[in-house]
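The following exercises are to be worked with the sequence and the three-dimensional structure at hand. Each task is followed by a solution in steps.

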Amino acid sequence: DRLADVVLDIFHYARSLPDPDSWIAAQRAAWAEPTSDRWRADLHQELADWAADWVARLANPHPENTPAFRCRQLLQSLPARGDRNGTAALLDQLEAVDTGLWPPRRKTEFRKPLADLFTDIRWFRSWLPSSEAAPDPLDAAWELCRHRLVALFDTVQTFAATFAETKRQLAVLDFADLEQFALRLLGPGETPAARLCRERFDHVFVDECQDLNAAQSAILRAVSREGGRANRFLVGDVKQSIYRFRLADPHIFQQLTRDLRAQESGGRVLLLTENFRSAEAILDFVNATFTRLFRGDLEIGRAHV
């Protein structure tokens with residue numbers, strides 16, 4: 001049952017994309033690689049982001065919290081990506097800070113804000129070799145996982161083909177089929193069907209745009225115009241995105257907003273700030289609370305495998 005759930009999750013996610021077959025094939029090819037370069041690049045990017053975040057968080061430690069100053073100094077000297085030995089040595093130095101001398105009678109007070117830092121240090125260090133001659137934990141984990149993931153995506157491909165053939169024999173379509181077959185008619189590239197729709201529709205209005213998936217967004221782009229003859233009118237609020245269980249991707253609306261704001265001509269972003277359904281006191285409280293929570297630099301988790 002668990003395997004069936006995983007296969008179906010991947011299958012349904014793929015069909016929310018403009019080209020599910022290519023995505024599944026690309027995932028399989030990535031897992032078929034014999035080395036863990038993909039994971040290693042991800043690990044070092046995560047390490048760099050983590051170090052930058054802690055450098056900012058440790059900008060103004062207590063004057064007597066010398067371990068915090070030392071951690072910030074070390075984090076600022078993170079070696080270049082790919083230098084595993086240098087990175088391991090730096091993490092060892094950071095871990096040694098925790099075992100060093102803390103100001104008398106103030107260890108609990110000064111260490112508490114750094115507890116997560118030292119936990120993270122040990123986690124990052126566990127993915128690097130303990131010595132030059134030691135095996136690489138990342139390579140070992142990759143070798144353990146990749147064969148199973150290749151088999152999993154083979155299973156997804158087999159299921160997708162069998163399911164599609166069964167529906168053809170029964171002469172039935174599901175909702176995702178309607179999206180995928182529409183995309184085949186509309187592209188990729190300039191197709192007669194896409195040209196006909198672009199010329200036929202004076203305006204294309206889209207409501208609840210924050211709950212689009214990638215396939216739906218591609219359909220809307222195909223049937224509407226851009227540039228000087230743009231005719232799309234999109235309405236949405238990323239804070240009201242509630243259809244992740246239907247594979248809505250709020251990043252699409254966020255990117256559309258950024259793209260429109262970056263244009264020097266053509267599209268515009270209009271903020272609908274008037275509210276006629278709530279008391280002013282409620283709005284003041286909600287705005288004060290959620291201004292701290294809904295920030296542009298907080299990434300909404302993407303569905304991925």
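**Exercise 1.** Is R105 buried or exposed? Determine also where R105 lies and what its phi value is.

*Solution.* The model is a predicted one. Begin with the location: R105 belongs to the loop that runs between α5 and α6. Next, take the relative accessible area, which is 84% for R105. The cut-off for an exposed residue is over 50%, so R105 is exposed, at 84%. Finally, examine the backbone: R105 is not a glycine, and its phi is positive, near 60 degrees. As background, most residues other than glycine have a negative phi.

**Exercise 2.** Find the residues that touch the most other members of the largest nonpolar core, and state which helices supply this core.

*Solution.* The largest nonpolar core has 25 residues. Within this core, W50, L58, L75, L91, L94, L114 and L117 touch the most other members. At least two residues of the core come from each of α3 (37-57), α4 (66-75), α5 (84-99) and α7 (115-126). The largest share, 6 residues, is supplied by α3. Apart from this core lies another, with 16 residues, including Y13, I24, L152 and V156. In general, nonpolar side chains tend to be buried together in soluble globular proteins.

Now consider W50 individually. With residues up to four places away in sequence left out, W50 touches L75, L91, L94 and L117. The further residues that W50 touches are D120, I121 and F124.

**Exercise 3.** Check the end-to-end distance of α5 against its expected span, and identify what its buried residues pack against.

*Solution.* The helix α5 has 16 residues, and at 1.5 Å a residue it should span 22 Å. Its end C-alpha atoms are 23 Å apart, which agrees with that expectation. The buried residues of α5 are G86, T87, A88, L90, L91, L94, V97 and D98. These buried residues pack against α3, α4, α6 (107-111) and α7.

**Exercise 4.** Describe the surroundings of S16 and N213.

*Solution.* Start with S16, which is found in the loop between α1 (2-14) and α2 (20-31). The cut-off for a buried residue is under 20%; S16 has a relative accessible area of 5% and is therefore buried. Leaving aside neighbours within four places in sequence, S16 is in contact with N213, A214, A215 and L247. S16 and D174 are 158 residues apart along the chain, and their C-alpha atoms are separated by 13 Å.

Turn next to N213, in the loop between β1 (204-206) and α11 (214-223). N213 is buried, with a relative accessible area of 5%. A polar atom of the N213 side chain lies 3.0 Å from the backbone nitrogen of A215, and the side chain of N213 also reaches the backbone nitrogen of Q216, at 2.8 Å. Not counting residues up to four places away in sequence, N213 touches S16, E179, L247, D249 and I252.

**Exercise 5.** What is the phi of L247, and which residues does a cis peptide bond join?

*Solution.* L247 is found in the loop between β2 (232-234) and α12 (250-262). Although L247 is not a glycine, its phi is positive, about 70 degrees. L247 is partly exposed, with a relative accessible area of 26%.

For the second part, the cis peptide bond joins G187 and P188, with omega about 5 degrees. P188 is found in the loop between α9 (175-186) and α10 (192-200). In general, most peptide bonds are trans.

How values were computed: Residues numbered from 1 in each chain as written. Predicted model: local features only at pLDDT ≥ 70, side-chain atom pairs only at ≥ 80, totals over all residues. Heavy atoms only, no water. Core = buried A, V, L, I, M, F, W, Y, C linked by side-chain atoms within 4.5 Å. Buried < 20%, exposed > 50% of the residue type's maximum accessible area, 1.4 Å probe, protein only. Helix = DSSP H or I, 4+ residues; strand = E, 2+ residues; numbered from the N terminus. Contact = heavy atoms within 4.5 Å. Expected span 1.5 Å × (residues − 1). Polar contact = N/O pair within 3.5 Å; in protein donor to acceptor, adjacent residues only side chain to side chain.
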